[in-house]
Amino acid sequence: MASMSNALIRSWDFTHFSPLVAGIFHTVARLGGLGHVAVKFGKAFRLKFTVISTSLKKESEAINKFGADSFLVSSNPAQLKGITRAEVLPAKTNLFFTLPFSKQIQYSDPVQDLIVLIPITEHNKEGNMALAFDEFGRPFIILKEQEHKTRLRGLDAQKANISAGKAVARILRTSLGPKGMDKMLQSPDGDVTITNDGATILEQMDVDNQIAKLMVELSRSQDYEIGDGTTGVVVMAGALLEQAEKLLERGIHPIRIAEGYEMASRISFEHLERIAHKFEFEATNIEPLIQTCMTTLSSKIVNRCKRSLAEIAVKAVLAVADLERKDVNLDLVKVEGKVGGKLEDTELIYGIVVDKDMSHPQMPKQIEDAKIAILTCPFEPPKPKTKHKVDIDTVDKFQTLRQQEQQYFDDMVQKCKDVGATLVICQWGFDDEANHLLMHRNLPAVRWVGGVELELIAIATGGRIVPRFQELTPEKLGRAGLVREKSFGTTKDRMIYIEHCANSRAVTIFIRGGNKMIIEETKRSVHDALCVARNLIRNKSIVYGGGSAEISCSLAAEAAADKYPGVEQYAIRAFADALDAIPMALAENSGLQPIETLSAVKSQQIKENNPFCGIDCNDVGTNDMCEQNVFESLIGKQQQILLATQVVKMILKIDDVIAPSEY
């Protein structure tokens, strides 16, 4: 080290170390006369540690060369005489040398001539940082006030929160409507998702800001409750926050803005009920349901097949719906996908599809009038719970043991045959001997079927899940008109179809597509369509889409604002302006002139007193959404307005943000 020249050797920035380990001198690397010193310290420090030569004796030289914000460290006290910002390093300091590519060598010569220059950052100017040594003379840096909090108050806090919410809304704005763009999201492990479903986009995004997380929660709650409108609800919340920011700049108190928004949301909620249409449908006339599902699917990648997919979704929902109680259990609708084929090959199966094949290749591939034994017990000899050991010292004993084991398998297979089963579906596997016996006794079997699938099979076939062979009786068998194994393309992929079941309340939507991403997006799209059909069975009211409902509510809120004498009227007008963000985004995403288009539609609504005029996104030639058959469910639209208003009120009421300081 003594051979170093007067020149500065090498500087390194360190910014990505653990905040817990505060500054052990970690590495000194020497490479052809070059030296490096690395130090572990907190995350937010931006320190530059520099090895310089010992001949730099005066503080004034150090300051001239490296700036006033510095102090020196050396193992030689004589070096630092008269220097105020300095620390002495013990002479016998063991350091680890780390050559490039992390090849470690311990270097334990006394460090005689090491001087380290540390520029002082904003964190350690006020003494937040000190150099200390442990009992072995190893230096480390102590960071003080790590519990120190950063704090934003008043208008600054509200503006920071509003800008975070607006940033999330801006991401989703371009995905709104039938001409909305898709987002491609890559997960840390390389999985790629392409979607324009708001809830999925926000779910996959890595969001750190707490207010942005509220927007993610907002989209998720819309998805859980309604299943559709997850993008629109976030865009609306973003527009409300944008309008609130303008009011805050005018000096209006956030509580008055929140109250005004609450009043306006109530006005909009009631207005939606006035402009809603009730439509009657029966099992024989499902066209209105199909039209509404088509509106939902028109904004997805799958919109070229929206008619066939909407029909499949509606039929699936009606198959599992209890129309008297107006209840739909979507758990009974299983959505399966298989890569290959084309989107048009998607089909609805009144039964269950299991992604398995027969356990033995020589078993029959088609069974009519099947009686199914649904088992959760394995085809194998019982295993004692206690620790045990069997000593076999003769061939006879081994033969006896083998015969005993074979007898177990025989009894199990015979038990299934005796009750009249013609197909066994087992949750667990079974070994080759059991498989061989089942094939010889002409009893087809399927193994390794998941628990959820077993439950669906039991519901569909009217069977009971049997946990022990002793409990197997003819009454517990499920019944299906046809069980068949179907193979796909040139691959060896096979699936088992269980159709014409005793109870057809469990159905499967089987999706085909060119690649995995298309299938995943189709699953999400079909889920949205199923949710819309379910909502319409629960509540038969619809409003018209294309932004017509929002424009109508905006006009109603604008008119109602004049009746309120207080400051709230400004907030109500701001709410009306925010509602215009949805039709404006629809026009923008469809390549139309947003302001011109919105103004024309608004004036048409006022002139004709027609609340069904919306944005003609598909360029059909008419703005009347009733003619275009663009419907949305009333409860979905009401939920959007209520949820967006609640979240915005919550964000506006935050005036102090206290967060741990980042080190």
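Biologist: How many aromatic pairs does the structure hold?

Modeller: The model above is a predicted one, and ring pairs are assigned where the ring centres lie within 6.5 Å. By that cut-off, the number of aromatic pairs in the structure is 5.

Biologist: Are the rings of phenylalanine 488 and phenylalanine 510 stacked, tilted or edge-to-face?

Modeller: The ring centres of phenylalanine 488 and phenylalanine 510 are 5.6 Å apart and the planes stand at 45°. Phenylalanine 488 sits in the loop between S25 and S26, whereas phenylalanine 510 belongs to strand S27 (residues 507–513), 22 residues away, and both residues are buried. Since planes under 30 degrees apart count as stacked and those over 60 as edge-to-face, an angle of 45° makes the pair tilted.

Biologist: Which residue joins Phe488 and Phe510 in one aromatic cluster?

Modeller: Phe488 and Phe510 are both buried, and they belong to one aromatic cluster that has a further member. That member is Tyr497.

Biologist: How are the rings of tyrosine 544 and phenylalanine 631 arranged?

Modeller: The ring centres of tyrosine 544 and phenylalanine 631 are 5.4 Å apart, with the planes at 65°. This pair links distant parts of the chain, with tyrosine 544 in strand S28 (residues 541–544) and phenylalanine 631 in strand S29 (residues 631–633), 87 residues apart. Tyrosine 544 and phenylalanine 631 are buried. Because planes over 60 degrees apart fall in that class, the arrangement at 65° is edge-to-face.

Biologist: Is strand S26 largely enclosed by the rest of the structure or largely open, and how many of its residues are buried?

Modeller: S26 pairs with strand S20 (residues 351–354) in the antiparallel sense over 4 bridges, and it also pairs with S25 in the antiparallel sense over 7 bridges. S26 is largely enclosed by the rest of the structure, because the buried share of its 8 residues is 6.

Biologist: Which residue of S26 does valine 354 stand opposite?

Modeller: Strand S20 and S26 run antiparallel to each other as a pair, and valine 354 has its partner position in S26. On the side of S25, glutamate 485 stands opposite this residue of S26 too. The residue that valine 354 faces is isoleucine 496.

Biologist: In the hairpin of S25 and S26, which residue takes a positive phi?

Modeller: The hairpin has 6 residues between its two strands. Among the residues of the hairpin, one takes a positive phi near 55°, and this is glycine 489.

Biologist: Which two residues touch the most other members of the largest nonpolar core?

Modeller: The largest nonpolar core holds 88 residues, and helix H12 (residues 516–538) gives the most to it, with 9 residues. Isoleucine 498, leaving aside its neighbours within four places in sequence, is in contact with residues including Tyr350, Ile352, Ile372, Ile425, Ile457 and Leu482. The two that touch the most other members are Phe379 and Ile498.

Biologist: How many residues apart in sequence are the parts that the salt bridge of arginine 256 and glutamate 568 ties together?

Modeller: Arginine 256 forms a salt bridge with glutamate 568, the closest N and O atoms being 3.0 Å apart. Arginine 256 lies in helix H6 (residues 254–275) and glutamate 568 in helix H14 (residues 568–579), so the bridge ties together parts whose separation in residues is 312.

Biologist: Are lysine 334 and glutamate 453, which form a salt bridge, buried or exposed?

Modeller: The closest N and O atoms of lysine 334 and glutamate 453 are 3.1 Å apart. Lysine 334 lies in strand S18 (residues 333–339) and glutamate 453 in helix H11 (residues 451–461), so the pair ties together parts that are 119 residues apart in sequence. Both of these residues are buried.

Biologist: Which residue forms a salt bridge with lysine 338?

Modeller: Lysine 338 is in strand S18, and its partner is in the loop between strand S25 (478–487) and strand S26 (494–501), 155 residues apart. Lysine 338 is buried, with a relative accessible area of 10%, whereas the partner counts as partly exposed at 34%. With an N to O distance of 3.7 Å, the partner is aspartate 493.

Biologist: Is serine 552 buried or exposed?

Modeller: Serine 552 is found in helix H13 (residues 548–561), and beyond its neighbours within four places in sequence it is in contact with His271, Ile275, Gln605 and Pro611. Because its relative accessible area is 6% and the cut-off is under 20%, serine 552 is buried.

Technical notes. Residues numbered from 1 in each chain as written. Predicted model: local features only at pLDDT ≥ 70, side-chain atom pairs only at ≥ 80, totals over all residues. Heavy atoms only, no water. Buried < 20%, exposed > 50% of the residue type's maximum accessible area, 1.4 Å probe, protein only. Contact = heavy atoms within 4.5 Å. Salt bridge = Lys/Arg side-chain N within 4 Å of Asp/Glu carboxyl O. Core = buried A, V, L, I, M, F, W, Y, C linked by side-chain atoms within 4.5 Å. Pairing = 2+ DSSP bridges. Phe/Tyr/Trp six-rings, centres within 6.5 Å; stacked < 30°, edge-to-face > 60°.
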